[in-house]
Amino acid sequence: TDQVMPEKSGLQLAIELRDSGFKSPIILLTGDGIGLSDEIIRRSGIDAFLSKPFSAFELSQSVHRVLHRKSQAVEQVR
């Protein structure tokens, strides 16, 4: 999700999704990371954070990392 959207921020969306039981990874994209500490991002349920501009490679690496972490967490639960 993008941090800046017309109706709500990406942080707000992530919090709402997590509160509703959404389990899939969330990656926050932003061109302005001011005020977004690691603690705020973690508490919001965001799995990764990318600052714009980013390359397709950086995006693919981020997606790979969060999917890998989620699959490891699922395996540990089993």
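# Briefing: cores, helices and salt bridges

Leaving out neighbours within four places in sequence, Ser62 is in contact with Ile27, Ala48 and Leu50. Ser62 sits in helix α3. The structure is a predicted model. Its largest nonpolar core has seven residues, and its salt bridges number five. The points below take the interior before the surface.

**Nonpolar cores**

- The largest nonpolar core is made of Leu11, Ala14, Ile26, Leu28, Leu36, Ile41 and Ile46.
- Apart from this core lies another one, of five residues. Among its members are Ile27, Leu29, Ala48 and Leu50.
- Leu28 belongs to the largest core. Residues up to four places away in sequence aside, Leu28 touches Thr1, Asp2, Gln3, Gly10, Leu11, Leu36, Ile46, Ala48, Phe49 and Leu50.
- Among these partners of Leu28, Leu11, Leu36 and Ile46 are listed in the largest core. Ala48 and Leu50, also touched by Leu28, are listed in the other core.

**Helix α1 and its cover**

- Helix α1 spans residues 10-19. Its buried residues are Gly10, Leu11 and Ala14.
- These three cover an arc of only 100 degrees around the axis, so they lie on the same side of α1.
- The cover over the buried residues of α1 includes strand β1 (27-30) and helix α2.
- Gly10 lies in α1. Gly10 counts as buried because its relative accessible area is 0%, and the cut-off for buried is under 20%.
- Neighbours within four places in sequence aside, Gly10 is in contact with Thr1, Asp2, Gln3, Met5 and Leu28.
- Gly10 and Ile46 are 36 residues apart along the chain. Their C-alpha atoms are separated by 9.3 Å.
- Gly21 follows α1. The phi of Gly21 is positive, near 100 degrees.

**Helix α3**

- Helix α3 covers residues 56-77. Ser62, Val63 and Arg65 are among its residues.
- Is Ser62 buried or exposed? Ser62 is buried, because its relative accessible area is 1%.
- Two contacts of Ser62, Ala48 and Leu50, fall within strand β2 (48-51). Another contact, Ile27, falls within β1 (27-30).
- Ile27, Ala48 and Leu50, the contacts of Ser62, are also listed in the five-residue core.
- Arg65 is partly exposed, because its relative accessible area is 44%.
- Arg65 and Ala48 are 17 residues apart along the chain. Their C-alpha atoms are separated by 8.6 Å.

**A nonpolar surface patch**

- Leu59, Val63 and Leu67 form a nonpolar patch on the surface. Together they have about 220 Å² of accessible area.
- Val63 counts as partly exposed because its relative accessibility is 33%.

**Salt bridges between Asp2 and Lys52, and Lys8 and Glu16**

- The side chains of Asp2 and Lys52 form a salt bridge, at 2.9 Å from N to O.
- This pair links distant parts of the chain, 50 residues apart. Asp2 is in the segment before α1, and Lys52 is in the loop between β2 and α3.
- Asp2 counts as partly exposed because its relative accessibility is 24%. Lys52 is partly exposed too, because its relative accessible area is 39%.
- Asp2 is also a contact of Leu28 and of Gly10.
- Lys8 and Glu16 form another salt bridge through their side chains, at 2.6 Å from N to O.
- Lys8 counts as partly exposed because its relative accessibility is 27%. Glu16 is likewise partly exposed, because its relative accessibility is 42%.

**Salt bridges around helix α2**

- Which residue meets Arg43 in a salt bridge? The partner is Glu39, at 3.9 Å from N to O.
- Arg43 and Glu39 both lie in helix α2 (residues 38-43). They are four residues apart, about one turn of the helix.
- Arg43 counts as exposed because its relative accessibility is 58%, and the cut-off for exposed is over 50%. Glu39 is partly exposed, because its relative accessible area is 38%.
- Glu39, Arg42 and Arg43 are joined into one network by salt bridges that share partners.

Methods
Residues are numbered from 1 along each chain as its sequence is written. This is a predicted model: local features need pLDDT of at least 70, side-chain atom pairs count only at pLDDT 80 or more; totals for chains, interfaces and linings use all residues. Side-chain values use heavy atoms; hydrogens and water are left out. A nonpolar core is a set of buried Ala, Val, Leu, Ile, Met, Phe, Trp, Tyr and Cys residues joined through side-chain atoms within 4.5 Å. Buried means under 20% relative accessible area, exposed over 50%, partly exposed in between (1.4 Å probe, protein chains only). Contact means heavy atoms within 4.5 Å. Patches are made of residues with over 30% relative accessible area and no salt bridge: like charges are joined within 9 Å, nonpolar side chains (Val, Leu, Ile, Met, Phe, Trp, Tyr) within 5 Å. Accessible areas come from the Shrake-Rupley method with a 1.4 Å probe; for residues, only the protein chains shown count as cover. A salt bridge is a side-chain nitrogen of Lys or Arg within 4 Å of a carboxyl oxygen of Asp or Glu. The arc is that of the directions from the helix axis to the C-beta atoms.
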